[in-house]
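Student: I have a structure open and would like to learn how to read it. Could you take me through some features, one by one?

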Amino acid sequence: MASRLARKEFQDVQRLVPGMYEAIAEVGKAISATGIDEHYLELAKIRASQINGCAQCLGIHLNAARKMGMDPQKIDLIPAWREAGCFDEKEMAVLEWTERITELAHHPIDDFAFNHISSFFTDQEVAALTGAISAINFYNRFGAVYRYSPPRYR
């Protein structure tokens, strides 16, 4: 499928709304500053990008997961994480939280869901994880709307 910016580059959206991507990049820096384990953030970014059908973000975060040494079996089985049997409870909590935030209309954030994620992460980590999921959903919307191409695996 051809990009909707076929004659343009990614930077053109940045030109149309100056500062937008830089603002979201600042959110990413704040999240990283909390010290939350990047492994959990990549799991969340991959799952959200799968749900949202963003090829570019999915490619970026699959590459990042491989580079950080994430188990290849886990990477391959993220779409079927409930049935896979290879994710630990904390990883499954991240994937469940990601699905709830990404598909908010279909998966409300009830007390059970909030208490469940909070049983694995500190308040700061829950906030950081929620911010990371929200940010990747932002990027996914632009990637899906403009059909950004995925990067080549290096």
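Student: Let's begin at the surface. Which residues make the nonpolar surface patch?

Tutor: Keep in mind that this is a predicted model. The general idea first: in soluble globular proteins, nonpolar side chains tend to be buried together. Here, Leu104, Ile109 and Phe114 make a nonpolar patch of about 270 Å² on the surface.

Student: Is Phe114 buried, partly exposed or exposed?

Tutor: Look at its relative accessible area, which is 39%. Between 20% and 50% we say partly exposed, so Phe114 is partly exposed. You will find Phe114 in helix 8, residues 111-118.

Student: And the inside? Which residues touch the most other members of the largest nonpolar core?

Tutor: That core has 28 residues, and Trp97, Phe121 and Leu129 touch the most other members. At least two residues of this core come from each of helix 3, helix 4, helix 7 (89-102), helix 8 and helix 9.

Student: What does Trp97 touch, leaving out residues up to four places away in sequence?

Tutor: Its contacts are Ile109, Ala113, Phe114, Ile117, Val126, Leu129, Thr130 and Ile133. Notice that Ile109 and Phe114, which Trp97 touches, also belong to the surface patch.

Student: Now a single helix, please. How many residues does helix 4 have, and how far does it reach?

Tutor: Helix 4 runs over residues 55-67, so count 13 residues. From its first C-alpha to its last it reaches 18 Å, close to the 18 Å expected at 1.5 Å a residue. After this helix comes Gly69, with a positive phi near 85°.

Student: Which residues of helix 4 are buried, and what do they pack against?

Tutor: A rule of thumb: an α-helix has 3.6 residues a turn, so residues three or four places apart point the same way. In helix 4, the buried residues are Gln56, Cys57, Gly59, His61, Leu62, Asn63 and Ala65. They pack against helix 3 (38-52), helix 5 (72-77) and helix 9 (123-146).

Student: Is Asp123 in helix 9 buried or exposed?

Tutor: Asp123 is exposed, with a relative accessible area of 66%. Its C-alpha is separated by 17 Å from that of Gly28, and the two residues are 95 residues apart along the chain.

Student: What about charged side chains? How many salt bridges are there?

Tutor: Side chains of opposite charge can pair when their charged atoms come close. The count here is 6 salt bridges. One of them joins Lys74 and Glu91, whose closest N and O atoms are 2.9 Å apart. Lys74 lies in helix 5 and Glu91 in helix 7, so this pair ties together parts that are 17 residues apart in sequence. Both residues, Lys74 and Glu91, are buried.

Student: Which salt bridges does Glu96 form with Arg82 and Arg100?

Tutor: Glu96 meets Arg82 at 2.8 Å, N to O. This pair links distant parts of the chain, with Glu96 in helix 7 and Arg82 in helix 6 (residues 81-84), 14 residues apart. Arg82 is partly exposed, at 46% relative accessible area. Glu96 also meets Arg100 in a salt bridge, at 2.9 Å, N to O. Those two are 4 residues apart in helix 7, so about one helical turn separates Glu96 and Arg100. Arg100 counts as buried, because its relative accessibility is 13%. Through salt bridges that share partners, Arg47, Arg82, Glu96, Glu99 and Arg100 are joined into one network.

Key
Residues are numbered from 1 along each chain as its sequence is written. This is a predicted model: local features need pLDDT of at least 70, side-chain atom pairs count only at pLDDT 80 or more; totals for chains, interfaces and linings use all residues. Side-chain values use heavy atoms; hydrogens and water are left out. The expected span of a helix is 1.5 Å times one less than its number of residues. Buried means under 20% relative accessible area, exposed over 50%, partly exposed in between (1.4 Å probe, protein chains only). Contact means heavy atoms within 4.5 Å. Patches are made of residues with over 30% relative accessible area and no salt bridge: like charges are joined within 9 Å, nonpolar side chains (Val, Leu, Ile, Met, Phe, Trp, Tyr) within 5 Å. Accessible areas come from the Shrake-Rupley method with a 1.4 Å probe; for residues, only the protein chains shown count as cover. A salt bridge is a side-chain nitrogen of Lys or Arg within 4 Å of a carboxyl oxygen of Asp or Glu. A nonpolar core is a set of buried Ala, Val, Leu, Ile, Met, Phe, Trp, Tyr and Cys residues joined through side-chain atoms within 4.5 Å.
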